[in-house]
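Student: Could we go through this structure together, asking at each step how a label is earned?
Tutor: Gladly; let us have it in view and then start.

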There are 2 protein chains.
Amino acid sequence: GMEVSCISTGQVFAALGLMCTESVPMRRRRVIEVLQGLIDLAAEFGKMVNLGRVRGSINGEPRQAVEDRFVSVARELCDYAADKDVTLVLEPVNRYEIDFVNKVEEGVALVREVRRANFRLMPDVFHMNIEDVSIGGELARHAAHVAYIHLADSNRLAPGRGHIDFDDIFDHLAIVEYDGWVSVEILPKPDPDTAARQAAEFLRPRVDLYNSRLMALRGEPCP
Amino acid sequence: GMEVSCISTGQVFAALGLMCTESVPMRRRRVIEVLQGLIDLAAEFGKMVNLGRVRGSINGEPRQAVEDRFVSVARELCDYAADKDVTLVLEPVNRYEIDFVNKVEEGVALVREVRRANFRLMPDVFHMNIEDVSIGGELARHAAHVAYIHLADSNRLAPGRGHIDFDDIFDHLAIVEYDGWVSVEILPKPDPDTAARQAAEFLRPRVDLYNSRLMALRGEPCP
């Protein structure tokens, strides 16, 4: 009975080497077709598709040209996805992994430019720890654009194994009554099962408490 | 009347491409000679030489072999430097920039292996924010091995422009009565002069307060 929360597109970049910002129109057409296939899949599973490194990079080009190509591709994908009730979520990623959309704030600027209700953000607190002026504060400030949050600690191990203040993050999210997904994206260390167990043990009581707070705020009875 | 605090060796790696962990003996000899030249310079200016990326990398080799080569080079350099009252300081650097000595704790392990009084650490809080389980806590815990601290905020801008809690860092350093250098290593953004001014304005009152606390702890009169 496990629910799929999102279709990940990491392999479109990693295996096919395709990016939304391709300067060659035929390659841009190809990335749109591949992502449309994943949107079709998301229509049945999760209703969400993420855009990580597949969004593309600036790589020495004029920033505006790269942004324009991204916005045009994003709009076409969003219009295709809207008919299937699918949302695209863009993940800001730290400077060491990509040179385009590092801060959540930069993601918000793009969301405003794309102007599609099903184009939103997927902040990852590991990347935010490197890029953003605050974590909880920035998540709360931009909550209207956030559909999904990746949780990992500052060293990308399971939450609780680094120095990120997750209680502060949940406190900030509760203020804006964030009601989207959170999921864990971490390194499989010391091994995948142990890392998953550490994350679950740390997060479960906090997520339960968070959900109770939200229900209380809304005047709903405890489950 | 400005004092030189340290001779930096970044260009030995960046311009000459040399590393302490070179597997070819002749190249290891060459890096030793170049660093000995910088130790000679440090004998007159600052009495300290840092080892950043010039320390080398693992790069798929067995870790022990790389470590052994590093320890052997470090000992030879330390023995040469000891006669000139010069200290070598190793800087732990985050995983995206190098694969050898990321955490302060890993630096401490190497310091213990090298076993030379003039081989110590130069933690950088920007890197610690990505690698270490805490910043102030780890600095205090390993203070005996720390000779120099690089300050930058979480986004590598001037202290005060990100989310690192510098008051917490100074509180921890005061507990162990840290009395070494701190200096600022940041991105020149929005421009070099502005960044330097931001850092000075943020740090000066904190460093003054810190020094007063240290003098009070030692029963010395205020300056």
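**Labels and their reasons**

Tutor: In strand S2 of chain B, Val89(B) is the bridge partner of Asn50(B). This is a predicted model, in which local features need pLDDT of at least 70 and side-chain atom pairs count only at pLDDT 80 or more, while totals for chains, interfaces and linings use all residues. Residues are numbered from 1 along each chain as its sequence is written, chains are lettered from A and ligands numbered from 1 in the order in which they are written, and side-chain values use heavy atoms, with hydrogens and water left out.

Student: What makes S1(B) and strand S2 of chain B a pair?
Tutor: Two strands pair if DSSP finds at least two bridges between them. S1(B) and S2 (residues 87-90) share 4 bridges, in the parallel sense, so the definition is met.

Student: What makes both faces of strand S1 of chain B count as covered?
Tutor: Met48(B) and Asn50(B) on one side, and Val49(B) and Leu51(B) on the other, are all buried. Buried means under 20% relative accessible area, exposed over 50%, and partly exposed in between (1.4 Å probe, protein chains only). In a regular strand the side chains alternate between the two faces of the sheet.

Student: Why is Val71(B) called buried?
Tutor: Its relative accessibility is 4%, so Val71(B) falls on the buried side of the cut-off. Val71(B) sits in helix H3 (residues 63-82) of chain B. Beyond its neighbours within four places in sequence, Val71(B) is in contact (heavy atoms within 4.5 Å) with Leu110(B), Glu113(B) and Val114(B).

Student: Which word fits Val101(B) and which fits Glu177(B): buried or partly exposed?
Tutor: Val101(B), at 4% relative accessibility, counts as buried, whereas Glu177(B), at 32%, counts as partly exposed. Each has a positive phi although it is not a glycine: about 70° for Val101(B) and about 50° for Glu177(B). Val101(B) is in the loop between S2 and helix H4 (104-114) of chain B, and Glu177(B) is in the loop between helix H7 (166-175) and S5 of that chain.

Student: Where are the cis peptide bonds before Pro190(A) and Pro190(B)?
Tutor: One joins Lys189(A) and Pro190(A), with omega about 5°. The other runs from Lys189(B) to Pro190(B), with omega near 0°. Pro190(A) lies in the loop between strand S5 (181-184) and helix H8 (192-217) of chain A.

Student: How many helices and strands does chain A have?
Tutor: Chain A has 8 helices and 5 strands. Helices (H or I, at least four residues) and strands (E, at least two) are DSSP runs, numbered from the N terminus.

Student: Why is chain A as compact as a globular protein of that length?
Tutor: Its radius of gyration is 18 Å, close to the 17 Å that the globule rule gives for 223 residues, so chain A is as compact as a globular protein of that length. The radius is taken over C-alpha atoms, and the rule is 2.2 Å times the number of residues to the power 0.38. Along its principal axes, the C-alpha trace of chain A spans about 50 × 35 × 30 Å.

Student: What share of chain A is buried?
Tutor: Of its 223 residues, 48% count as buried. Among contacts in chain A between residues at least 6 apart in sequence, 75% join residues at least 24 apart.
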